[in-house]
Amino acid sequence: MRNDIDLDYNLAAEIIEDIKEDPMGDWFFLPDRFPAVEFEKIRSVAKRVQEDSDYLVCIGIGGSYLGARAVYEALDLGSTARCKLLFAGNNLSSRELKKLLKTLDGHDFSLNVISKSGTTLEPAIAFRVLKQALIKKYGEAEAKKRIIATTDPEKGALHDEAVASGYETFDVPLGIGGRYSVLSPVGLFPLAVAGCDIEALLSGARECKETQVSPEHLEDSMLVSYAFSRFYLYDECGCDVEVLASFEPSLLYFNEWWKQLFGESEGKDGQGIFPASVIYSTDLHSLGQYLQDGRRNIFETFLRFSPEQDSLTVPKTADNFDELDYLEDAELTKISDKAFDATVKAHESGGISTFTIEVLDSTSPHGLSERSLGFLIFFFETACAISAMLHGVDPFNQPGVEKYKKEMFKLLGK
Ligand code: PA5
C-alpha cells in the first residue's frame with residue numbers, strides 16, 4: 001500500500017500514463033479514438049434490428065450487460081424505443097428465463113449474446129435456451145441472421161460458434177475488460193438499437209477526458225480529487241465503505257454498474273473500499289438510520305443532476321387534511337433538491353464525509369442525458385483505475401471471479 005498520498009498531481013499524472021500504457025487500458029481511448037468504421041457498423045446493424053425486431057435480448061453478465069442496462073434504465077429508453085431491450089443470462093433463475101420467454105411470445109426478436117471469454121456459464125445457458133426459441137420461431141437460417149455475437153475477436157467458444165454459424169459479430173477489444181467496456185460495442189450496440197444517441201454518450205465521455213484528465217487540468221480536476229480523497233479516507237481514516245447516493249430511482253442500474261466497476265477493480269489482495277449504493281429518498285426510510293448513526297466507517301458520494309424543467313407540482317386542494325398547503329404549487333424537483341441538501345447536512349453532522357458530483361447539462365430538459373451519463377461513465381472508470389492503482393492493485397483483473405467459476409465448474413462436473 002502506498003502511504004505517500006496527498007493530492008499529489010505528479011503522481012496522478014504518472015498513474016494516468018500507467019493507465020494509457022496498460023495492455024488493458026484501451027478503454028481510455030474510446031471517447032476520442034473510436035474507430036469510425038466500427039461506429040458506422042454499429043449504427044447500420046442497429047437499424048436492421050430496429051426494423052425487424054420488437055425486442056433485442058442482451059445476453060450477458062457483469063460488465064457484459066450492466067453498462068448498457070445502466071444507460072437504458074437511466075434514460076428510460078424503453079418508453080420510446082421502437083425495439084426494446086430485454087436482459088438475460090445474468091442469473092441462473094429458471095423463473096426469470098421463463099418470464100422472459102413469455103414476454104417474447106408472439107413478438108419478433110433478435111439476440112445479442114455478449115461474452116468476451118465465451119465460456120461464462122450464465123449467458124451460455126441462456127443463449128442455448130433462447131437460441132432454441134429463436135430457431136423454433138424462425139427456422140435455422142433466419143435464426144442465424146437474428147443473432148449478433150459480441151465477443152473476443154480471435155478466440156473462445158462464442159467466437160468459434162459465431163464464425164462457424166456466420167453470425168453478425170462485434171469485437172470486445174482485446175485491451176478492454178468487461179467492466180470498462182460500456183463505451184465499446186458491448187454497450188454501444190444494444191444502446192443504439194434502443195435509440196440512444198451513442199455519439200452524445202461518447203462526446204460526454206470525451207468532455208470528461210478533456211476537462212478532467214488532460215495534464216493542464218489535473219490541478220482543478222474533480223476526478224483526481226475524488227480518486228485521491230477516497231483513498232485518503234480509506235487509508236488514513238478507516239473508511240472502508242463507500243455509498244453512492246442519488247435521488248433518482250432510474251439510476252438503480254447505474255449504481256449496479258458502479259458497484260461492479262469498483263468492487264471488481266479494487267477488491268483484491270485483502271484491500272479495497274466496499275462499494276454500496278442507495279436511492280434516496282426511498283432508502284432514507286430504511287438505511288438512513290444506519291447512515292446517520294451507525295458505524296462510522298462509511299463515506300458517501302452523492303450524484304446530483306440539473307433539475308428537470310417540466311417538473312410535476314403539488315396540486316391545490318379545497319381542504320388541507322394532509323397539511324401540505326405550505327407546499328402548494330411547489331415543484332417536486334425543488335422539494336427533492338431540499339431533501340438532497342438536508343440529507344447531506346444531516347449525514348455530515350453525523351460524522352460522514354461526503355462528496356457531491358454535480359452533473360449539469362444545459363442542453364437537456366433534465367440533467368440525465370446521454371452526454372451527462374457518458375461524462376459520468378468515463379469519470380468513474382478513470383477514477384476507479386486511479387484509485388485501484390493507489391491501493392497498489394491491478395484494476396483490470398478479477399482473479400476472485402475466476403476462482404468461483406472454477407469451483408462451480410468442478411461441482412457441475414465440467
Ligand atoms: O468485468 C469483467 O471482466 C466481468 O464482469 C465480466 O464482464 C463478466 O464476468 C462476464 O465475462 P464474459 O464477458 O467473459 O462472459
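Let me begin with the ligand, which sits in the second largest pocket, and let me say straight away that what we are looking at is a predicted model.

If we ask which residues come closest to the ligand, the answer is Ser 64, Ser 115, Ser 117, Thr 120 and Gln 260, and these belong to a group of 13 residues that surround the ligand. In terms of residue type, that shell is made up of nine polar residues, three charged ones and one nonpolar one.

Turning to individual contacts, I would point you first to Gln 260, where an N or O atom of the side chain lies 2.4 Å from an oxygen atom of the ligand. The backbone takes part as well: an N or O atom in the backbone of Gly 63 is 3.2 Å from a ligand oxygen atom, and for Gly 178 a backbone N or O atom is found 3.5 Å from an oxygen atom of the ligand. As for how much of the ligand is covered, on its own it has 380 Å² of accessible area, and the protein covers 91% of that.

Now let me step back to the chain, which is divided into two parts, with domain 1 running over residues 34-196 and domain 2 over residues 201-391. Gly 63 and Gly 178, whose backbones I mentioned, therefore fall within the bounds of domain 1, while Gln 260 falls within those of domain 2.

How far apart are the centres of the two domains? Taken over C-alpha atoms, they are separated by 29 Å. The two domains also touch, with 21 residues of domain 1 in contact with 22 residues of domain 2.

Terms used. Residues numbered from 1 in each chain as written. Predicted model: local features only at pLDDT ≥ 70, side-chain atom pairs only at ≥ 80, totals over all residues. Heavy atoms only, no water. Near = heavy atom within 4 Å. Polar contact = N/O pair within 3.5 Å; in protein donor to acceptor, adjacent residues only side chain to side chain. Areas by Shrake-Rupley, 256 points an atom, 1.4 Å probe, with all protein chains shown as cover. 1 Å grid on protein atoms, 1.4 Å probe; cavity = no way out; pocket = protein on both sides within 12 Å on 5 of 7 lines; lining within 4 Å. Sits in = over half its atoms within 2 Å of the grid points. Nonpolar A, V, L, I, M, F, W, Y, C, P; charged D, E, K, R; others polar. Contact = heavy atoms within 4.5 Å.
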